[in-house]
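Visitor: I am new to this structure and would love a close look at a single part of it. Could you show me the model and then walk me through the space enclosed inside?

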Amino acid sequence: MLDLVIKNALVVDGTGERKPFPADVGVQGGKIALVGTIDQEAAKVTDAAGLALAPGFIDMHSHTDLEYFREKPSDAKIRQGITTEVLGQDGLGAAPVGGENLQIVKDLLAGLDGIIPDEKWTWKTFPEYLGALERRGLNNNAAVLLCHGPVRIAALGMEERAATPAELRNMKALVRESMEEGAFGLSTGLIYPPCPYGDTEELIGLNREVGAKGGIFVVHQRDEGYYLSRSFDEVSRISLESGAHLEVSHLQAYGRVNWPIMDEVMEKAERMVEKGGSISWDRYPYLAGCTVLTAVLPNWTFNEGTAALVRNLRKPEFRARVHADFTKGLDVWHNRQISVGWENIVVTAVQLGENKWMEGLSCRAIADRLGKDPIDMVMDLLAAEKLAVTMISFYGSDTVLEKVLGHPRGTVGSDGIFGGKPHPRLYGAYPCFFRRFVREKPFFTLEEAVRKVTSFPASILGIPDRGRIEEGCWADMVIFDPEKIADRSTYDIPEAYPEGIPYVFVNGTAVVEEGETVTCTPGKVLRHGK
């Protein structure tokens, strides 16, 4: 007897090569056992008549690292059909940590991944973090990247300088050991201290360890605005010289003045491939981004550590130096006051009850209400909240978005950040992609779009037994209505589930059934090469 049979489905197999076809799909032991006409008995039968059956979607850019450890983890990802998430993004992850460095890592993560009670931090090393995830139990699968930030902190703290040869050897050893334990690669966020304190040579050295194990180099570039092209040159070189596949996080051109640069970047990507390189990128299908509010500060502000930054934000001489930097142009640093303006930077999550009224308001609006300069308001807020503030910034262009996601090397990443009044991508990235790029303005056929979010990211990660509806593959599957799948989350009402996705299965177990969440933990912690 089979564990599960899905009857009468229109199968979109994930390859992108085969047109959707009618079939039944049988599941046994968490894997797809049969595809075709099935007459065998099953413990459970689900009728998918009139609906499409596809592999589960793979989120190439996730910030669920700590969310899994909450008393009731969010179901925002599974409800939009995501069955595998790639954790450890932007160079800021949950491991390795230890000793005095633990609080620094917690502070740096607070705006991106949130805050969990101290007793939940039961790990120090990267493999211990993987073990903690397994013991916790997951509602979907997790593929975890090692992060440059904690690795650098372990070797030389928050110092803004080049690593010594001995420190670099220590970092390389951590990368090598973590890759052997199943890390899918190394991520860095070259706007998030301490990551930008590392130079190109450091990243080449670390990524040689990644490339030797067939892993990927995932990068938030050093500049996504005025110096986007130059930043792309750097990450291309790191990938070419290290042998690690390059996955560019949320490829974008930040601010109207920088939109034309994307054409040059696309040309450079093709030249990189001609040189023997390997590249892909992810992007969320929206024109606004979401990250920590500290990203508006100059990088040097972090070089004494997070606790010192909180203290320094209250000091007149420090604040004067920050103000001085905001008078400098985009050719000097990524000055968001110039590139998008304070009216387009919205506070989305704070921790203190007294500041909750700010969630959903722009920095300009908050500053006006308080009678402050926006720069002073931001420094006051970050000091009061101990840096744990999240923001949305409106920077994008439909034309650039279509170039990035419409390209064969592009895939989707939600980049969803939990807490407060989140970005709508947390609940709607994948339904939005299908609504916009398949139904409303057809860039892709249904089968091409499904491949873009299933077998293609699986191939980037090196997990060939996921991302396809095929006998022997793990039964991560989504049943959806191609004519109705759509996001309902908006910037005003972000925490709204999508429509048109009645069933989601993770390793053969239903986590969404008849449009409702099923509380269970069938997910697995995936390990690269294992």
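Visitor: How many residues line the largest cavity, and which of them lie nearest its centre?

Guide: Happy to help! Please keep in mind as you look that this is a predicted model. The lining of the largest cavity is made up of 20 residues. Nearest its centre you will find Tyr192, His220, Gln252, Cys290 and Thr291, so these are good names to look up in the view before you. The space within the largest cavity comes to about 140 Å³.

Next, let us see which elements the wall is built from. Two strands, S14 (288-292) and S16 (390-394), each contribute at least two residues to the lining of the largest cavity. Of these, S14 gives three residues, which is the largest share. Two of the residues already named, Cys290 and Thr291, carry numbers that fall in the range of S14, 288-292. As for the kinds of residue around the largest cavity, nine are nonpolar, seven are polar and four are charged.

The largest cavity has company, and a second one helps to fill in the picture. With a cut-off of 30 Å³ or more, the count is five cavities. A general idea may help here: when a probe the size of a water molecule is rolled over the atoms, it shows where empty space is left. The second largest cavity has a volume of about 110 Å³. Its lining consists of 15 residues, and those closest to the centre are Leu108, Tyr192, Val292, Thr294 and Phe302. You have met one of these names before: Tyr192 is listed nearest the centre of the largest cavity and also among the residues closest to the centre of the second largest. Tyr192 is therefore a handy landmark when you move from one cavity to the other.

What supplies the wall of the second largest cavity? Helix H1 (residues 101-113) provides four residues, the largest share of that lining. Leu108, one of the residues closest to the centre, has a number within the span of H1, 101-113. By class, the lining of the second largest cavity holds eleven nonpolar residues, three polar ones and one charged one. For the largest cavity, the matching figures are nine nonpolar, seven polar and four charged.

To finish your tour, start at Cys290 and Thr291 beside the centre of the largest cavity, then pass by Tyr192 to reach Leu108 and Phe302, which are among the residues closest to the centre of the second largest cavity.

Note on methods. Residues are numbered from 1 along each chain as its sequence is written. This is a predicted model: local features need pLDDT of at least 70, side-chain atom pairs count only at pLDDT 80 or more; totals for chains, interfaces and linings use all residues. Side-chain values use heavy atoms; hydrogens and water are left out. On a 1 Å grid over the protein atoms alone, a cavity is a set of points where a 1.4 Å probe fits but cannot get out, and a pocket is an open set with protein on both sides within 12 Å along at least five of seven lines; lining residues have an atom within 4 Å of a point. Grid points are joined across faces, edges and corners, and a volume is the space filled by probe spheres set on the points. Ala, Val, Leu, Ile, Met, Phe, Trp, Tyr, Cys and Pro count as nonpolar, Asp, Glu, Lys and Arg as charged, and the others, Gly among them, as polar.
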